[in-house]
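This report looks at a protein chain, beginning with its overall layout and then turning to one helix. Please keep the sequence and the structure in view while reading.

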Amino acid sequence: MDYIYKVLYKVENKTLEKNYTSIKNICIDFDTNKELIKNIYMKVPKTLHPIIVSIERLPLPMKKDTNIIIHFN
């Protein structure tokens, strides 16, 4: 199953939100390691990052079923 990682972070006393499709991209943008990111979204106590406030892992929305009609003439 694929997930979207919703990251809340602080910049100049404002809380902003950005969605990511992989932990690797979060690590690159926030210059941190994979274990710290996992600890933040798993809500491990005393896990701190100077910018990231929280991370939620959300399942991707389900795609609607497509009806395929085949005609045999």
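The sections below cover the fold, the surface and the first helix.

## Overall layout

The model is predicted, and its protein chain contains 2 helices and 3 strands, which follow one another from the N terminus in the order β-β-α-α-β.

The radius of gyration of the protein chain is 18 Å, whereas a compact globule of 73 residues would have a value near 11 Å. Along the principal axes, the C-alpha trace extends over about 65 × 25 × 20 Å. Among contacts between residues at least 6 apart in sequence, 36% join residues that are at least 24 apart.

## Burial, surface and charge

Of the 73 residues in the protein chain, 22% count as buried. The chain exposes about 6400 Å², and carbon and sulfur atoms supply 53% of that area.

The protein chain carries 12 positive and 8 negative charges, and the mean positions of these two groups lie 3 Å apart.

## Helix α1

Which residues of helix α1, spanning residues 23-30, are buried? They are Ile 23, Ile 26, Cys 27 and Phe 30, and because these buried residues fall within an arc of 100 degrees when seen down the axis of α1, they line one face of the helix. On the other side of α1, Lys 24 and Ile 28 are exposed.

The cover over the buried residues of α1 includes the strands β1 (3-11), β2 (14-20) and β3 (52-59), together with helix α2 (34-41). After α1 comes Asp 31, which has a positive phi near 50 degrees.

Methods: Residues numbered from 1 in each chain as written. Predicted model: local features only at pLDDT ≥ 70, side-chain atom pairs only at ≥ 80, totals over all residues. Heavy atoms only, no water. Helix = DSSP H or I, 4+ residues; strand = E, 2+ residues; numbered from the N terminus. Rg over C-alpha atoms; globule rule 2.2 N^0.38 Å. Buried < 20%, exposed > 50% of the residue type's maximum accessible area, 1.4 Å probe, protein only. Contact = heavy atoms within 4.5 Å. Areas by Shrake-Rupley, 256 points an atom, 1.4 Å probe, with all protein chains shown as cover. Lys, Arg positive; Asp, Glu negative; His and termini not counted. Charge placed at Lys NZ, Arg CZ, Asp CG, Glu CD. Arc of directions from axis to C-beta.
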